[in-house]
Amino acid sequence: MGFGSIWHWLVVLLIVLLIFGAKRLRNIGSDLGAAVKGFRDSMKEGEAAEGQQPPEQPGQVSQQGAQPPQPRVIEGEATREHDPKPKA
């Protein structure tokens, strides 16, 4: 009844083959495979780069033994430009 029947999928595949052609579908498949392979390779390179030098956490001593810079306090004055009482 639903769209999950094997015959429905075969008809859809036949229509796609007629529209795009077998050669074009093969090219699309190989391009998609190359893109996935490139994505996986870049993910492996990114994980390897992260594994070599872990990011420093705030408050931890860095690898050279120096303390991280202390947070700065910015001084200022807050003023209100409008009257907090609503006018009647």
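**Reading helix α1**

Visitor: Is Val 16 buried, partly exposed or exposed?

Guide: Val 16 is partly exposed, at a relative accessible area of 28%; buried means under 20%, exposed over 50%, and partly exposed in between (1.4 Å probe, protein chains only). This is a predicted model, in which local features need pLDDT of at least 70 and side-chain atom pairs pLDDT 80 or more, while totals for chains, interfaces and linings use all residues. Residues are numbered from 1 along each chain as its sequence is written, and side-chain values use heavy atoms, without hydrogens or water.

Visitor: How much of the protein is buried?

Guide: Of its 88 residues, 1% count as buried.

Visitor: What does Val 16 touch beyond four places in sequence?

Guide: Contact means heavy atoms within 4.5 Å. Leaving out residues up to four places away, Val 16 touches Gly 21 and Leu 25. Gly 21 comes just after α1 and has a positive phi of about 90 degrees.

Visitor: Which element holds Val 16, and how far does that helix reach?

Guide: Helices are DSSP runs of H or I with at least four residues, numbered from the N terminus. Val 16 lies in helix α1, which covers residues 6–20. Its 15 residues reach 21 Å from first C-alpha to last, close to the 21 Å expected at 1.5 Å a residue, where the expected span counts one less than the number of residues.

Visitor: Where is Ile 6 found, and is it buried or exposed?

Guide: Ile 6 is also in helix α1 and is exposed, with a relative accessible area of 56%.

Conventions. Helix = DSSP H or I, 4+ residues; strand = E, 2+ residues; numbered from the N terminus.
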